[in-house]
Structure formats: C-alpha cells, structure tokens
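Colleague: I would like to learn how to read a structure like this one, feature by feature. Could we go through it together?

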Amino acid sequence: MHFKNQTIFVTGGAGFIGSAVVRHLLHDTHARVVNIDKLTYAANLESLPGAVGNPHYAFEQTCICEAAALRKLFEKYQPDAVMNLAAESHVDRSIDGPGEFIQTNIVGTFTMLQESLRYWRSLPAEKRAKFRFLHISTDEVFGSLGEGGLFTETTAYSPNSPYSASKASSDHLVRAWHETYDLPALVTNCSNNYGPYHFPEKLIPHIIIKGLAGKPLPVYGDGQNIRDWLYVEDHARALTLVLERGAVGETYNVGGRNERTNLHVVESICDLLDDISPDTPGSRRNLISFVTDRPGHDRRYAIDASKLERELGWKAEEDFESGIGKTVRWYVDQQPWWQAILDGGYQVSRIGVGK
Ligand SMILES: NC(=O)c1ccc[n+]([C@@H]2O[C@H](COP(=O)([O-])OP(=O)(O)OC[C@H]3O[C@@H](n4cnc5c(N)ncnc54)[C@H](O)[C@@H]3O)[C@@H](O)[C@H]2O)c1
C-alpha cells in the first residue's frame, strides 16, 4: 500500500522527469499528488494524460521562488513529502542566460527548503518523524571523468557549466538544511534521462524529430562525449523508492550502466528511424554533421548506482537498446505532442555556443 493516505508535493511535475514521476505515483501508488509548476517553456500539461479529473491529483501553477504562495500550499495540502524537481535544466540555455538558473535552481531550492522547514517544525511529532524532502539532482555536479572510473556518492563536486554549478549549489543547500536544522532531506544524483515527453531541445528528441523530417543531424564536437543513459521511467521508480525507503541525510546515485558516445546515440536513432519510417533517400546516417562543440563540454559521465541497488533493491528495467527503441517509437506515434510544441513557436535551432 505505497503512500496510502499520503500527499506528495512534486515540483516541476509538468516537466520531463517530473511528469514521469507524477504518472508513476498516480498509476502505481496510492499517493495524492500536488503538482507545483510555474509552467515555463519546458512545461507541458499534455504530458499528464488522465491526471486532470483524477481525485488523487491537483495542479498549482506556482513558482518555487515565491515563499508566500508556497506557504499557502503547505497550509492547504499538509503534505507528507516534497519531491523537488523544478529547475531550469538545459545546459545550452545556461550558457546564454545563466540568471534564470541561479534564480530557480538556487533561490528556488532555498525557498522550498525554508518553507518546508517552517511547515515541518509545525507538525505533530508523528507526522514530523515521517516527513521527507527529496531533492532531485544530476551527475553533472561531479564534473567530467577521464576514460576510467565512475561517479560515486563520495566523488567531489566539480561542476563546469552554469547549469551544473547551480545544481551543485542547490545540493549543498539541501545538505546544510539537513545538517543544521535536521530537516529530513535526501538527495539523488542521476545520469542523463531519455524517454517519452522529452522537450525537443534535448539531444535524443531533437535528433528523432530532425531525422523524421530528413533534416541535417548536428553532433557537437567529435561526437565522442560519453553519457550514461537512463530511461526516464526507471528514474521515476528510483525516486519513489528513495522517498519511501532511503535513509535520511543520504545521497543516492541513479544510473543505468549504459555509457554511450553521443555519436553512437545518434547513429542508433538513425538506424531505428530507417527501419520504422524508411521515407528518406538513403540512410539517415548520411544526415549527420559535426558542429562547433559546446564550451566547457564535459567529456564523460558514468554513474556507480550500486548503493541504490544494494541498499534499496532498485534495478533499471531498460537497457539503452530497449529504451531507445521504445522512445523512437513513441515520438513516431505521438507526433501531435511534439508538433504542438513546434507550432507554439519553439525553434529547433542551435544555442549555447558562447562567445
Ligand atoms: N533531464 C535529465 O537528464 C536530468 C538528469 C538528472 C537530473 N535531472 C534533474 O531533474 C529535474 C527535472 O529535470 P527535467 O529534465 O524534467 O527538466 P524540465 O526542464 O523538463 O522540467 C522542469 C520543470 O520545472 C518547472 N519549473 C522551472 N522553473 C520553475 C519555478 N521557478 N517554479 C516552479 N516550476 C518551475 C518547469 O515549468 C518544468 O515543468 C531537474 O532538477 C534536473 O536538474 C535531470
């Protein structure tokens, strides 16, 4: 009876990973979910089919930097847990305009912590003992790996982009609010996610959509940067497990042991599209073009998720081959979801090249 009679705040629940968490909670648990989202360009309520009208779901359009508005939500819903996913999340955007990243990722997390602490202190002992604040972060806080080695929970932070620096700052705040004020907080650091409902600016949906249209497929630099890909639904399951069973004050790395070069990812998508939708002349691999690299582009990320596997029994269900197959199929079948984003004015164009 997971989360029976419990109310969970999910911030950023209209984003890519947040919506996967909301769908998972509503579908697979008894939790009541309050989705708190400002609805930035990255949000899409169409990513939550079936949520509206579900008696276990509520939506509040609120910015996590607004303390007074958050305070009212805590009073109104009396949550048992907070899952903090709201963030600015695109590295290229953080290069062109870091201000929003500082605001939401750092000031927003600070505000969530302060309001959670105020609320937590007001709770009766039994409910206070069960309350949890789970902060969702990224492996990018650890910086870049060489050819060997894996990020563990004790790897030193070494962020290289405005995005990862803002996430690193937020992780430190969460740790400090636990150590200093005893707020029952936990942190997860996850590798790159992919899957359904991913905004078209990110590598995998970007390449699928351009590949379907037979347009050039840009690969940054030499295409040899390595990411450790995790299917988004595996991440959502990991997060609910950490929330339910994780030890307060701990951090957990989440990753699927699926290291692939960006070029391999793009070539895999080309081959799948050629199979599913063979309407371009020749292989889509011929559309690949190497473009100027991202400044400060981390070379390799790879996660050691053994603590999560050993202590909480989590295991990724998808490997890269099964997950990317499902994902490409989803974008082919669900064109109205992403076409509406393109029609709404989003330009699939290059940003984040710096000076
Ligand atoms: N995408 C990845 O591969 C990945 C990997 C590891 C960790 N993460 C982390 O997971 C979280 C979610 O990432 P995502 O890819 O789903 O991001 P996303 O950009 O798809 O979604 C972010 C959501 O947060 C909302 N939001 C932004 N600013 C807000 C504010 N001030 N107040 C309230 N809501 C706001 C947006 O409207 C959007 O719905 C982020 O914290 C990110 O750092 C992402």
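Modeller: Start with tyrosine 197, which is buried at a relative accessible area of 15%. Buried means under 20% relative accessible area, exposed means over 50%, and partly exposed lies in between, with a 1.4 Å probe and protein chains only. Before going on, note that this is a predicted model, in which local features need pLDDT of at least 70, side-chain atom pairs count only at pLDDT 80 or more, and totals for chains, interfaces and linings use all residues. Residues are numbered from 1 along each chain as its sequence is written, and side-chain values use heavy atoms, with hydrogens and water left out.

Colleague: Where is tyrosine 197, and what is the sign of its phi?

Modeller: The general idea is that most residues other than glycine have a negative phi. Tyrosine 197 has a positive phi, near 65°. Its place is the loop between β7 (193-194) and α7 (203-212). Such labels follow DSSP runs numbered from the N terminus: helices are H or I with at least four residues, strands are E with at least two.

Colleague: What is the phi of glutamine 78, and is that residue buried, partly exposed or exposed?

Modeller: Glutamine 78 is not a glycine, yet its phi is positive, about 50°. The residue sits in the loop between α2 (67-77) and β4 (81-84). Its relative accessibility is 37%, so glutamine 78 counts as partly exposed.

Colleague: Now the strands. How should I read the two faces of β1?

Modeller: In a regular strand the side chains alternate between the two faces of the sheet. In β1 (residues 7-11), five of the five residues are buried. Thr7, Phe9 and Thr11 lie on one side and Ile8 and Val10 on the other, so both faces are covered, given that buried means what was said above.

Colleague: Which strands pair with β1, and how do they run?

Modeller: Two strands pair if DSSP finds at least two bridges between them. β1 is joined to β2 (residues 32-37) by five bridges, and the two run parallel. β1 and β4 are also parallel, with four bridges. Threonine 11 shows both pairings: it stands opposite isoleucine 36 in β2 and opposite asparagine 84 in β4. Isoleucine 8 has alanine 81 as its bridge partner in β4.

Colleague: What lies on the two sides of β4, and which strand comes next to it in β5's direction?

Modeller: Ala81 and Met83 point one way from β4, Val82 and Asn84 point the other way, and all are buried. Four bridges join β4 to β5, and these strands run parallel. One of the pairs is methionine 83 with leucine 134 in β5.

Colleague: What handedness does the unit of β1, α1 and β2 have?

Modeller: A crossover is right-handed if, with the strands pointing away from the viewer, the path from the first strand over the helix to the second runs clockwise. β1, α1 and β2 make a right-handed β-α-β unit.

Colleague: How many residues surround the ligand, and which are the closest?

Modeller: A residue counts as near a molecule if one of its heavy atoms lies within 4 Å of it. Here 29 residues surround the ligand, and the closest are Ile17, Asp37, Ser89, Tyr163 and Lys167. α1 (16-28), β5 (132-138) and α6 (162-181) each supply at least two residues of this shell.

Colleague: What are the classes of the shell residues?

Modeller: Ala, Val, Leu, Ile, Met, Phe, Trp, Tyr, Cys and Pro count as nonpolar, Asp, Glu, Lys and Arg as charged, and the others, Gly among them, as polar. The shell has 14 nonpolar, twelve polar and three charged residues.

Colleague: Which backbone atoms make polar contacts with the ligand?

Modeller: A polar contact is a pair of N or O atoms within 3.5 Å; within protein, one must be able to donate a hydrogen and the other to accept it, and residues adjacent in sequence count only if both atoms are side-chain atoms. A polar backbone atom of lysine 38 is 3.1 Å from a ligand nitrogen. Ligand oxygen atoms lie 3.2 Å from a backbone N or O atom of leucine 85 and 3.5 Å from a polar backbone atom of alanine 87. The protein covers 96% of the 840 Å² of accessible area that the ligand has on its own, by the Shrake-Rupley method with a 1.4 Å probe; for residues, only the protein chains shown count as cover.
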